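Please look over the sequence and the 3D structure shown below before reading on. The report is written to be read alongside them.

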Amino acid sequence: MPDGFTSRDERAAFIAGLPKAELHLHIEGSLEPGLMFELAQRNRVAIPFASVDEVRAAYAFSNLQDFLDIYYQGMGVLHGEQDFYDLTAAYCARAHADNVRHIEIFFDPQGHTTRGVAFETVIAGIDRALRDAEAGYGITSKLIMCFLRHLSEAEAEATLDEALPYLGRIAGVGLDSSEVGHPPAKFERVFARARGLGLKTVAHAGEEGPPTYVHEALDLLKVDRIDHGNRSLEDSALVQRLANEAMTLTVCPLSNLKLCVIDDIAGHPLKTMLDAGLRATVNSDDPSYFGGYVNANYLAVADALDLSKDELLTLARNSFTGSFLDDAAKARHLAAIDAYS
Ligand code: HPA
Ligand code: ZN
């Protein structure tokens, strides 16, 4: 055990006590099977599973699309404002249990509006739970509205139009769903409009898509962070650029494993990213589907890659430095990490 860990329990305890931010979390991907059943009953929605065990057995994916098909089906149980509240409140309780102090969460409005659920219903339920989590746990939060990249840019523009009355509650826009075949260039104009409205921008890039998609996210979408970014490592000039620009990567180890972006966790590129000077962070992506919340993600890579205390501290520091918090709030969180180390 490097850097003073004498056992796996000690490493797990160190991770558990570390103050952290989570920057890559799809709120619909935190829908646990138990709540899925409860909401299916509440809303009289049929789901093709007889038990929680059957749901879990269905979560065997060989790529991103396999997962997305089940993910969009799962979110079909969400209908009323209280459903979005319950979903978000459950995630905040789990984040608090992992000593997560700040969260920047994605939501997929088009996954709901296309089913006839009003934009207002979605954002009101999520926002009310986030306010209660701040009051109850002291967890601060930002909301990032994602555009589904398998849909058209015109549909993204219409979604941004729908968001206009709620911009006070939305910190940024993102790009998710099926990556290959839907490059960032497809969304250049809507991202420019979002930036003009004062919104931050992020995009999933280099999860399954090639390094050129990461270049496009930087050059055309002018993103503030890259979500995933794994395949950047195939392009050494890109790695240099990401390091020079101190670009944050929101890396999701258990997601990468479950979606077969990597063959096994020992082959995860996180340590390579840190060694290359990249500002990597650790996140859970869709924890209900991928088998673990943020601490489980830290522990999985710490064990497999033999990460040191210093490396774990760097990952936690990166999570606040790469957040959309203001400088004073970042400094407070970084001081808490210094005090912990
Ligand atoms: N990748 C792309 N889209 C997504 C993901 C992901 O990991 N999770 C939810 N939507
Ligand atoms: Zn994601």
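The sections below describe a predicted model, taking in turn a metal site, an aromatic cluster, the enclosed and open spaces, and some individual residues.

## The zinc site

The zinc ion (ligand 2) has as its protein donors H24 through NE2, H26 through NE2, H204 through NE2 and D285 through OD, and these atoms lie 2.0 to 2.3 Å from the ion. Along the sequence, the donor residues follow the spacing H-x1-H-x177-H-x80-D. H204 belongs to strand β5 (residues 200-205), while D285 sits in the loop between β8 (279-282) and α14 (287-290), so this pair of donors ties together parts of the chain that are 81 residues apart in sequence.

The geometry around the zinc ion (ligand 2) is irregular because the four donor atoms subtend angles of 83 to 175 degrees. For four donors to count as tetrahedral, all angles would have to lie between 85 and 135 degrees. Water is not among the atoms, so sites may look incomplete, and the irregular label is best read with that caution in mind.

Two of the donors, H204 and D285, are both buried. For D285 the relative accessibility is 2%, which is why this residue counts as buried. The backbone of D285 also deserves attention, since its phi is near 65 degrees, a positive value in a residue other than glycine.

## The aromatic cluster

The structure holds 14 aromatic pairs. One of them joins Y59 and Y289 in a tilted arrangement, with 4.6 Å from centre to centre and 40 degrees between the planes. This pair links distant parts of the chain, given that Y59 lies in the loop between α3 (52-58) and α4 (64-74) whereas Y289 lies in helix α14, 230 residues apart. Y59 and Y289 are buried.

Y59 and Y289 are also members of a cluster linked by ring pairs, in which they are joined by F61, F67, Y71, Y72 and F290.

## The enclosed cavity

How many cavities of 30 Å³ or more does a search of the whole structure find? The search finds one, and the space in this largest cavity is about 110 Å³. Of the 16 residues that line the largest cavity, those closest to its centre are H26, L64, F67, L68 and H204. Among these residues, H26 and H204 are also donors of the zinc ion (ligand 2), and F67 is also a member of the aromatic cluster.

Helix α4 supplies the largest share of the lining of this cavity, with five residues. Sorted by class, the lining of the largest cavity comprises seven nonpolar, four polar and five charged residues.

## The largest pocket

The largest pocket holds about 210 Å³ of space. Its lining is made up of D127, L130, R131, E134, S141, K142, L143, L167, G168, R169, I170 and A171. The elements that give two or more residues to this lining are α7 (119-137) and β3 (140-148), and α7 gives the most, with four residues.

The character of the pocket lining is mixed, as its residues divide into five nonpolar, two polar and five charged.

## Individual residues

S177 lies in the loop between β4 (172-176) and α9 (188-196), and it has a positive phi of about 80 degrees although it is not a glycine. Is S177 buried or exposed? S177 counts as buried because its relative accessibility is 7%, where the cut-off for that class is under 20%.

L197 is found in the loop between α9 and β5, and its relative accessibility of 37% is why it counts as partly exposed. From C-alpha to C-alpha, L197 and L164 are 9.1 Å apart in space, with their positions 33 residues apart in sequence.

T6 has its place in the segment before α1 (8-17), and with a relative accessible area of 66% this residue is exposed. T6 and L164 are 158 residues apart in sequence and 53 Å apart in space, again taken from C-alpha to C-alpha.

How values were computed: Residues numbered from 1 in each chain as written. Chains lettered and ligands numbered in written order. Predicted model: local features only at pLDDT ≥ 70, side-chain atom pairs only at ≥ 80, totals over all residues. Heavy atoms only, no water. Donors = N, O, S within 2.8 Å, 3.2 Å for Na, K, Ca; no water. Tetrahedral: all angles 85-135°; square planar, octahedral: opposite > 155°, others 65-115°. Buried < 20%, exposed > 50% of the residue type's maximum accessible area, 1.4 Å probe, protein only. 1 Å grid on protein atoms, 1.4 Å probe; cavity = no way out; pocket = protein on both sides within 12 Å on 5 of 7 lines; lining within 4 Å. Points joined across faces, edges and corners; volume = space filled by probe spheres on them. Nonpolar A, V, L, I, M, F, W, Y, C, P; charged D, E, K, R; others polar. Phe/Tyr/Trp six-rings, centres within 6.5 Å; stacked < 30°, edge-to-face > 60°.
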